[in-house]
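Dear colleague,

Here is the structure I promised to pass on to you, and below it you will find my notes on what turned up. Please keep the 3D view open as you read.

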Amino acid sequence: MADGRIAQVQTGENLLFLTDEQLRQGIEAMFFAYRGFTADPDRILSDMSYGRAHHRAIHFINRAPGTTVNNLLTILGVTKQSLNRVLRTLIEDGLVESRVGTIDKRERHLYLTDNGHALESKLSDAQRARMRAAYREAGPEAVAGFRKVLEAMMDPDMRRCYSRLRDTTG
């Protein structure tokens, strides 16, 4: 056990006692990483006059085909008006199909069309390539630690939503 503690001290900072400066550096790293993570999809979407809200909607409709508008509202944390504006353009442009619920006619279930799937693949391919390269560079222990950090930062409701999505769609 003593050897394990020595190895921990030698290979990294004592994470229980991070300084404000170390935390600030982590916050800034997240801001810059997010810019990198969204840069490729932003370039693809700008040609279509779409933004990140469109990307997020396409992503989660793809992850859970048939999801309801209300479920998408919960996942995205946006207003109904904002989501309706995004969905209206995606539907008009033939990327998303909205179907009336079979059990509850008030529900609208969302599906990507073939063109929607093609766009989603293009956007996700770009992000997967960036993440794959970063994961390879960081190594498996860092990847597992990164995932733990991200999950620990989620609010409990969002962590449950994330877990459901991960568990039901593999």
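Just after helix α4, Gly77 takes a positive phi of about 65 degrees, and please bear in mind throughout that this is a predicted model. The helix before that glycine, α4, spans residues 69–76, and its buried residues are Val69, Leu72, Leu73, Ile75 and Leu76. When you look down the axis of α4, these buried residues fall within an arc of 165 degrees, so they line one face of the helix. It may help to recall that an α-helix has 3.6 residues a turn, so residues three or four places apart point the same way.

A positive phi also appears at Ser49, where the value is about 60 degrees although this residue is not a glycine. Ser49 sits in the loop between α2 and α3, and with a relative accessible area of 66% it is exposed.

Turning to how helices pack, the axes of α2 (residues 20–46) and α6 (residues 114–138) come within 9 Å and cross at roughly 155 degrees. Because angles over 145 degrees count as roughly antiparallel, α2 and α6 are therefore roughly antiparallel to each other, and their crossing is right-handed. On the α2 side the contact includes Gly36, Phe37, Pro41 and Leu45, while on the α6 side Leu119, Leu123, Ala126 and Arg130 are among the residues that they meet. Sorted by class, the contact between α2 and α6 has nine nonpolar, three polar and three charged residues.

With best wishes

Notes: Residues are numbered from 1 along each chain as its sequence is written. This is a predicted model: local features need pLDDT of at least 70, side-chain atom pairs count only at pLDDT 80 or more; totals for chains, interfaces and linings use all residues. Side-chain values use heavy atoms; hydrogens and water are left out. Axes are lines fitted to C-alpha atoms, for helices over the stretch in contact, and angles run from 0 to 180 degrees between N-to-C directions. Helices (H or I, at least four residues) and strands (E, at least two) are DSSP runs, numbered from the N terminus. Angles under 35 degrees count as roughly parallel, over 145 as roughly antiparallel, 65 to 115 as roughly perpendicular and the rest as oblique. A crossing is left-handed if the near helix is turned anticlockwise from the far one by less than a right angle, and right-handed if clockwise. Contact means heavy atoms within 4.5 Å. Ala, Val, Leu, Ile, Met, Phe, Trp, Tyr, Cys and Pro count as nonpolar, Asp, Glu, Lys and Arg as charged, and the others, Gly among them, as polar. Buried means under 20% relative accessible area, exposed over 50%, partly exposed in between (1.4 Å probe, protein chains only). The arc is that of the directions from the helix axis to the C-beta atoms.
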